[in-house]
Amino acid sequence: MTITHNGAVSQTSGAGTLTVEGDIGILSIDYPPVNALSQATRQGIVDGMKAAAADPNVKAVVLICAGRTFLAGADITEFGKPPKAPGLREAQDLIENSAKPVIAAIHGTALGGGLEVAMCCHYRVGVPSAKCGLPEVLIGVLPGAGGTQRLPRIVGVEKALDMIVNGTHVPAKECFEMGLLDELVPEGELRSGAIAFAKKVLAELQHKGGPLRKVRDNDDKIAAARGKPEIFAAVRKANAKKFRGLPAPEACIQCVEAAVNGSFEDGLATERRLFQQLVAGTESIAQRYAFFAQREAAKIPGIPADTPIVDVKHVGIIGAGTMGGGIAMNFANVGIRVTLVETAQAALDRGLGVIRRNYENSAKKGRFTLEEVEKRMALIAGTLDMEKLADCDLVIEAVFENMAVKKEIFGKLDRIVKPGAVLATNTSALDVNEIASAATSRPEAVVGMHFFSPANVMKLLEVVRGAKTSATALATAMQMGKKIGKVAAISGVCPGFIGNRILGARGAQAHAMLMEGAMPWDIDRVLYDFGMPMGPYAMSDLAGLDLGWSKEKSRGSSIREVLCEMDRRGQKTGAGYYDYDENRNAKPSEVTRKVILDFMAKESRTPREVSKDEILERCTYAMVNEGAKILEEGIALRASDIDVVWLNGYGWPIYRGGPMFYADTVGLDKVVAKLKEYGPRMGANFTISPLLEKMAAEGKKFVRT
């Protein structure tokens, strides 16, 4: 490779170029879209560093990246495949062992392997908008290129543990304060600022002399944690609930412990060993699958890339209750103007008051300033006049689940709202096609946008495509979901759509098992141990058993109705399926047990022991079966979309990948065999999906991993 100087460029054989300006070599990596550490990127670093080392005119090297970000993490599509030379460690060793100082110049993000490379550099500078982090734990692995060993040597053990086990992205200013960055340079001046910093380093080295500092040799900060196991015990205790079922956080902690208690090389060996265990484990495979499934859900087959999308600058929301107010916050959070409509001033005032309190509570927790509260509230205007929605680009109806009311609203919107606007319903179960029929002049403008409660917190958005929904309405709803930070997945029209329909299948089995002798706490415990945040009966108590229940219409015909008639309506009344103390701690209820046994006696049923295995299999396999029917009917585009819905809207444990992924890990043949074994217990109306049976017989799987 030939190198000329004074701005002339010499191409490396990988994704890098080396430019020599005076005595500074600028090694630039350009591997779109995010400079992932693929083979070409590693080759570029290796070739560039060798060229810089061989050039006597180069006294220092600046490692910088083209495009929108610094080096991204490892290319996870290479996981599980034969390694391609050069390896990442070869690139890191060339940087770390360079006789010439290497300065990482960071913009965008330095995440995962990108930060691990930057920590092999002797210095790091960044622009204020940059962020650094080691988020590998979020895909079920750990930083496998020295991150667990070098980060605590730079920022200290406590800060390193926080970053590594939580996968947080840390802003540049905070990185500078903790010593991860040596200097902040102005936005837009990264290249010149890094070169200036390199010259300053050379001047200091010439003045002071001595060897270059290597992060791996800095033991001062980890020495402070030696003999203090309580540091690690505190992290484990504080995060026990969050880390439940996840092996990666514990492995991360063990790696940092190894950094504190042994040599750098021993720590690297521990890191490599645990990384290999994790990457081959089902939990990590599930988390990596979920990562790709979420991105796949954003793709809409059959919708051209150049489909026109409505430019949404003004959103109308009908209904200022819990759902409507939460939805309004989503749009105000990203700077979009909102008009919130109610039928009564008291309801409107109450809704706006709740929004303000939510924002103020966030400000008290330090998430943003009080000035930001006022800025967001100023974007939300309340009114009793639906005519004020005339110039909205998107209107979302969020009133209670009553078809007649919703159709009346959409008839009015059809008359009021400007042509070209998207009209959305937040219904969780009703027929979007029937709702759309009320917008007689433009049923194609109607789409479902099913938010989950609390709408300002929950990540999932089910975008429901009606029979006449246009490509523009669908694409606009999906884009808006992304803009407001939701994970959007497309569903067709059916009762309950994807999520609630599968929830109903699980609920039917839970209820059937109640009538066979299982108690609510038995069922809840099995599903909690499986990884769900809570079981169906604990969830009912939390939400309120009287949701959708009417005292006037109650006939005591179900366990739930009887409990409501007894004023056992959940946590809010101190009793529901469970009994609650003053701190809302639950315990099994003898009252509920008697109610259930009385219902069984009326039907001449004899209680039996229902095993934990049966509870789990009937609940989860019924979900899989319903998911297969949803696929057969074309309600879901992909099996992975079903998993995305359940991972983001219903608390399915990410380390189990979603119900369809889970079925693959169990084996579809075993799922079908068990469903047949349980037979009549599954219910008189239960049928096994023909698609599920066919795939089981052919040895197929629902998803690709």
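**Figure 1. The whole protein chain.** Of the 705 residues of the protein chain, 54% count as buried. The model is predicted. The chain holds 28 helices and 20 strands. Along its principal axes, the C-alpha trace spans about 90 × 60 × 55 Å. For 705 residues, a compact globule would have a radius of gyration near 27 Å; the chain has 29 Å, which agrees. About 30,600 Å² of the protein chain is exposed. Carbon and sulfur atoms supply 53% of that area. Among contacts with a separation of 6 or more, 71% come from residues 24 or more positions apart.

**Figure 2. Strand β4, covered on both faces.** This view shows residues 60-65, which form strand β4. Six of the six residues are buried, so β4 is largely enclosed by the rest of the structure. Buried here means under 20% relative accessible area. One side carries Ala60, Val62 and Ile64. The other side carries Val61, Leu63 and Cys65. Both faces are covered.

**Figure 3. β4 and its pairing with β3 and β5.** Strands of a sheet pair through backbone hydrogen bonds, either parallel or antiparallel. Strand β3 covers residues 24-29. β3 and β4 pair in the parallel sense over six bridges. Leu27 has Leu63 of β4 as its bridge partner. Strand β5 covers residues 102-106. β5 also pairs with β4 in the parallel sense, over three bridges. Here the bridge partner of Leu63 is Ala104 of β5. Leu63 therefore has a place in three parts of this picture: it is buried in β4, it partners Leu27, and it partners Ala104.**Figure 4. The β-α-β unit of β3, α1 and β4.** Helix α1 covers residues 39-54. Together with β3 and β4, helix α1 makes a β-α-β unit. The unit is right-handed. Its two strands, β3 and β4, are parallel partners.

**Figure 5. The open sheet β6-β8-β9.** Three strands form this open sheet, in the order β6-β8-β9. The pairing is mixed. The edge strands are β6 (109-111) and β9 (169-171), and each pairs on one side only. From one strand to the next, the twist averages 20°.

**Figure 6. The β6-β8 pair.** Strand β8 covers residues 131-133. β6 and β8 run parallel, joined by three bridges. Thr109 has Lys131 of β8 as its bridge partner.

Methods. Residues are numbered from 1 along each chain as its sequence is written. This is a predicted model: local features need pLDDT of at least 70, side-chain atom pairs count only at pLDDT 80 or more; totals for chains, interfaces and linings use all residues. Side-chain values use heavy atoms; hydrogens and water are left out. Buried means under 20% relative accessible area, exposed over 50%, partly exposed in between (1.4 Å probe, protein chains only). Two strands pair if DSSP finds at least two bridges between them. A crossover is right-handed if, with the strands pointing away from the viewer, the path from the first strand over the helix to the second runs clockwise. Axes are lines fitted to C-alpha atoms, for helices over the stretch in contact, and angles run from 0 to 180 degrees between N-to-C directions. The radius of gyration is taken over C-alpha atoms; the globule rule is 2.2 Å times the number of residues to the power 0.38. Contact means heavy atoms within 4.5 Å. Accessible areas come from the Shrake-Rupley method with a 1.4 Å probe; for residues, only the protein chains shown count as cover.
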